[in-house]
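Trainee: I have a model to go through. Can we take it by question and answer?

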Amino acid sequence: MSDLLAGAYLAQGTIGNVGTPGAPIAKFSLVVVPSQHSVTGTVVITQAIQGPDSHIVVQVTGKIYSAGLGKVTQLVSLQGEYVHSVPPPAIGSFLAKFDAHLAIDNAWNGTGGFSYYQHNIENVPVASAKSLKEELV
């Protein structure tokens, strides 16, 4: 039982064209358990344009596998659902799906994409968040 979480670590970063005005950005904070090929955590999608899709929080689960494709050493898939509210004059809310795919190196940098209600973002940078320890060095 003690080996169940062997090698678990926290991965944080972004998916998207950070710095591009109006571009949707997905920020992730994930607990990765390589021995179980599992990933769980939270993704927050933000967009500078106001509207129902300008701030979305999604609880996600997914899989991580070794790749061995040149610089790409890991493949990650994420899935989740969130409540999407319909703007007036319509009324109501429904569960919308979120999906992401990442082709990354061991430092969580690479390329990926994500999709959510009526949005499909492909071939964008994946960048790991700099840890406070790295910034202080």
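Trainee: How far apart do the centres of the positive and negative side chains lie?

Mentor: This is a predicted model, where local features need pLDDT of at least 70, side-chain atom pairs count only at pLDDT 80 or more, and totals for chains, interfaces and linings use all residues. Residues are numbered from 1 along each chain as its sequence is written, and side-chain values use heavy atoms, with hydrogens and water left out. Lys and Arg count as positive, Asp and Glu as negative, while His and the chain ends are not counted; each charge is placed at NZ of Lys, CZ of Arg, CG of Asp or CD of Glu. There are 6 positive and 8 negative side chains, and the centres of the two sets are separated by 4 Å.

Trainee: Is Leu30 buried or exposed?

Mentor: Buried means under 20% relative accessible area, exposed over 50%, and partly exposed in between, with a 1.4 Å probe and protein chains only. The relative accessible area of Leu30 is 0%, so Leu30 is buried.

Trainee: Which residue offers the backbone oxygen that lies 3.1 Å from the side chain of Gln74?

Mentor: Gln74 is itself buried, at 11% relative accessible area. Contact means heavy atoms within 4.5 Å, and beyond four places in sequence the contacts of Gln74 include Ile104, Asp105 and Asn106. The backbone oxygen 3.1 Å from a polar atom of the Gln74 side chain belongs to Asp105.

Trainee: What share of the residues in the protein is buried?

Mentor: The protein has 137 residues. Of these, the buried ones make up 32%.

Conventions: A polar contact is a pair of N or O atoms within 3.5 Å; within protein, one must be able to donate a hydrogen and the other to accept it, and residues adjacent in sequence count only if both atoms are side-chain atoms.
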